[in-house]
Amino acid sequence: MIKLEVKNSSKYFEKNNNVFCALKSTDMAITEGKFVSIIGPSGCGKSTLFNIIAGLLKPSTGQVLLDGKNIIGESGRVGYMLQKDLLLPWRSILDNVILGLEIRGTSKKEARKRALPMLKKYGLNGFENHFPSELSGGMKQRAALLRTLLYDQDVILLDEPFGALDAQTRLLMQSWLLKIWGDFKKTILFVTHDIDEAIYLSDEIYIFSHRPGCIKDHVTVNLSRPRNEATFTDSLFLNLKQKLLASLAEEQEQTMRS
Amino acid sequence: MEGNTEKIILSQSTFSSQVEDEKSEKEKIVVEDESHAVRVRKIIIAGQIIAGIMIIVLWEGLSRIGWLDSYYWSRPSIIVRTGWMAVSTGTLLEDTFYTAGATIIGFILGTLAGSMIGLSFWWSTIYARITEPYLVAFNAVPKLALAPVLVIMFGIGFESKAILAFLMTVIVAALAACSGVNSVDRDLEKMLFSLGAKKRHVFTKVVIPSAIPWMVSSLKINIALALAGTIVGEFISSRQGIGRMILYAGQIMDLNLVWVGVVVLSVLSIVMYLGTLWLEKWLLKNRKY
Ligand SMILES: Nc1ncnc2c1ncn2[C@@H]1O[C@H](COP(=O)(O)OP(=O)(O)OP(=O)(O)O)[C@@H](O)[C@H]1O
Ligand SMILES: [Mg+2]
């Protein structure tokens, strides 16, 4: 079943009296429960697309359908984790994680009661009363992701959640994310620069072209689940990686030239 | 190849020696705690008290041996005696409460009103852009120069002093809150909106807590400005207050009484400053909305 549909969406910005296109007629159809990645060169409009889906920006043309209903300009209909962790520095981790529930009108006490077992289960045990400045980068990303999860929407957008982490932590976080995805059965849209990451995590991958961003390629990842370290050396994995590398290299080149 | 193995052996040996080091260090383990900081703070406070006592002793001594003309500079012992007289037979206590009251009321109302003005700028950029230059311009007006007008408008009573204290603080507080609002991280706002927040949620959960450090930083300046406003108000025309007492004492050339007024004002401003510090700490600790 199609959960989320992006139809012919584009976005134009005006800068110094020049209109320029950040996103060009994009079409996507995301099946319920899938893990879908988006890769593309820097500045091709990936975050712009997410802002449109999340209702923070209105597209210049086109539609975004959630369960068949148009959600243009309606924020709060999907979970969205922005490119930075954006934890409130004056709140403890627990109080950061319950932010979405609080906005919905759940009492603080009730929200904390619901969030605490999640923190314990998903690797933040003992940190609930710490402040964000006392946490490592990986921990902060976990907290930000749990905040998005606890907001409890069917579709979750993750914009480069592991971009700033070192390779080791990244691997841990990827397995952690797969576990959470398995537990919660969400539909996930995931932006990354890392081809390995995209293949390892996803069911499908969209490749965006150089600016103005539009979909250049769409591949299905047929690797079996559950995935583990062995996945990285699977011949299917390597073939796909090669294909994606070649495809992305063309775009990267264009970015460099422009 | 050979070099490689050597390196490995070498690193192994340094590793084992490191482990030994750790073992021997375990016995004399040093835990970073607060006792050192507490000790330093005690030394600082003791030093401050000693320095204060030395200034007083020096003042008293130099005045007694005639190096300081006690007619102009008075003398701690005389000031205490004159002060005691002013308390027991005069109205020094009432005057002190009068000045402190006008200052604190003006300060609180000015800070609250100013903060609300500054925070309101978050709601509408257009309104903020229109208002801001006037705020800056009004800040540049020497408000003390308006004192005669205010005294004529609001009378020579308590109100005109409190209003002067209010005017001294309100713009500074508004500008501080305004800077706080401008410093709010747009991405934090965006994040909240993505969680389905309305503007009022963003205001209470992000804008106010972000702006509090800015507003708090203006408190210390403002309490001093409020006191200055009150005193000038009392200088212009008043029946009560430390400012009036100083003016009166000057007119009858009772310089000892002037000194009493100055000392009382100093103590008052120190006490209010400490109160502000406490308020500052409390506000920063309790901004977990
Ligand atoms: N609000 C805005 N106003 C004007 N231009 C914008 C705005 N938001 C984004 N852009 C421009 O749109 C283009 C696409 O930006 P976007 O952030 O979507 O890229 P991205 O693919 O997420 O890049 P990265 O991988 O570096 O995060 C950029 O050139 C950016 O400068
Ligand atoms: Mg981006």
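In which hand does α6(B) pass α8(B)? The crossing is left-handed. Keep in mind that this is a predicted model. Below is a quick tour of that helix pair in chain B, plus an open sheet of 6 strands in chain A.

**The helix pair in chain B**

- The two partners are helix α6 (residues 125-140) and helix α8 (residues 158-182) of chain B, and they pack with their axes 10 Å apart.
- The angle between them comes out at about 140°.
- Angles over 145 degrees would count as roughly antiparallel and 65 to 115 as roughly perpendicular, so α6(B) and α8(B) end up oblique to each other.
- As for the handedness, α6(B) goes past α8(B) in a left-handed crossing.
- On the α6(B) side, the contact is made by B:Glu132, B:Leu135, B:Val136, B:Phe138 and B:Asn139.
- Facing them from α8(B) are B:Ile171, B:Val172, B:Ala174, B:Leu175, B:Cys178 and B:Asn182.
- Sorted by residue class, the contact of α6(B) with α8(B) has 8 nonpolar, 2 polar and 1 charged.

**The open sheet in chain A**

- Reading across the sheet, the strand order is β6-β7-β8-β3-β9-β10 (chain A), and the pairing is mixed.
- At the edges sit β6 (79-81) and β10 (215-220) of chain A, each of which pairs on one side only.
- From one strand to the next, the twist averages 15°.

**Zooming in on β7 and β8**

- Strand β7 (residues 155-159) and strand β8 (residues 187-192) of chain A run parallel, joined by 5 bridges.
- If you want a spot to look at, A:Leu158 stands opposite A:Phe190 in β8(A).

Notes: Residues numbered from 1 in each chain as written. Chains lettered and ligands numbered in written order. Predicted model: local features only at pLDDT ≥ 70, side-chain atom pairs only at ≥ 80, totals over all residues. Heavy atoms only, no water. Pairing = 2+ DSSP bridges. Helix = DSSP H or I, 4+ residues; strand = E, 2+ residues; numbered from the N terminus. Axes fitted to C-alpha atoms, helices over the stretch in contact; angles between N-to-C directions. Parallel < 35°, antiparallel > 145°, perpendicular 65-115°, else oblique. Left-handed = near helix turned anticlockwise from the far one by under 90°. Contact = heavy atoms within 4.5 Å. Nonpolar A, V, L, I, M, F, W, Y, C, P; charged D, E, K, R; others polar.
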